[in-house]
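Let's walk through this fold together, starting with the sheet and finishing on a helix. Keep the viewer open as you read.

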Amino acid sequence: MSEFVDKIEVNETAIGGIKAEKMKTIAARQGSPLACIKFWVVVISTMLLILWVCAMQLATLDDKIMVPKSAFYFPNSFPPQRVYKNNGYLIISPNGGLNQKRLGICDMVAIATYLNVTLIVPKFANGTYWNDTSTFAGIFNVNHFITSLRDEVRILKELPPEQMRKAESEPLYYMFPLSFASLEYYYQRVLPRIQKHEILLFSQTDARLANNGLPEELQKLRCRVNYKSLRFTQPIEETGRKIVTVLREKGPFLVLHLRYEKDVLAFTGCIEGLTKEEAAEVNEMRYSHDGWMHKPIDSKRKRERGSCPLTPEETALVFQALGIDRNTTIYIAAGEIYKKEKRMADLAAAYPNLVRNRPY
């Protein structure tokens, strides 16, 4: 028993000696400022080296990852920027109503991407029939429009300083692209003019690109611009949500873009079903506007080709054929219907829950 106790005392003495030695070593290290500085220099240098190695590995990995073009989903807040040789600057002035302007912008983004040019944020043509003074920034989120498409095309809010001085000192070269033009037209006829003049203005953008026969990537890009990049400003989105909330309170609803305004009938020349007096009034309107077709239009032939809008009466028949319940709330998303008291009577009788900002 005494031998066991002696061993414990010896071990305690040894352990105590080790602890004492450690304390002396720590005290010695703490007592040397130069040693502390050297220690932290080594630690910081090692950490910087590790961070540099990680950065190089990530950069190498990023080069190997193929990012699909025209993707509808981005892991980050915005896609990686596309870098390309700039062939010039394209300024567009979308014309028509909001729907035509929107589709025109989709086409112009596809064209700018195809031609490798820089697109300037659209400047709406306000001298049209609607006399609308809205701006692109007043309707759409500009920053989202630019960043969401940065992997496809370079978009600037305005011309760079050098090109801005050029545009202010001399008239811009402008042209009206052909309607439903092919990509070959833009490559052979438009691109050389951009390269020659550096800046090109498109005074019209509605229906200036073919609907069919385009590469799949450009078709996808058109859709992406329309449904992802052209995001309304916050006040407009909030108003839209309020309208939808109110409509949903009454149950199922349907939004109808009824294209039977006077200007639509005049522009298209679709006068079937109108009285002689009404047809004369519509034709007079067409001839009074520059840029609209100032010659007789065969309305019957155009209607047989399906190029005329449905009348309100025909719309009611289509809804009934589709089996839409007559109690469905129908929100009319359109301008002033031409001769609405007479033309909306059948639709209102078939579907009494018509809604818009003013009653029928």
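Start with the open sheet: 5 strands, pairing in parallel, in the order β3-β2-β1-β5-β4. Strands here are DSSP E runs of at least two residues and helices are H or I runs of at least four, numbered from the N terminus; two strands pair if DSSP finds at least two bridges between them. At the edges sit β3 (155-156) and β4 (173-175), each pairing on one side only.

Before going on: this is a predicted model, where local features need pLDDT of at least 70, side-chain atom pairs count only at pLDDT 80 or more, and totals for chains, interfaces and linings use all residues. Residues are numbered from 1 along each chain as its sequence is written, and side-chain values use heavy atoms, leaving out hydrogens and water.

Now zoom in on one edge. Strand β2 (residues 118-120) is joined to β3 by 2 bridges, and the two run parallel; Ile120 has Leu156 of β3 as its bridge partner.

Next, helix α11 (residues 276-287). Its 12 residues at 1.5 Å each should span 16 Å (1.5 Å times one less than the number of residues), and the end C-alpha atoms are 17 Å apart, which agrees. Which residues of α11 are buried? They are Glu278, Ala279, Val282, Met285 and Arg286, where buried means under 20% relative accessible area, exposed over 50%, and partly exposed in between (1.4 Å probe, protein chains only). These cover an arc of only 125° around the axis, taken from the directions from the helix axis to the C-beta atoms, so they lie on the same side of α11. On the other side, Lys276, Glu277 and Glu284 of α11 are exposed.
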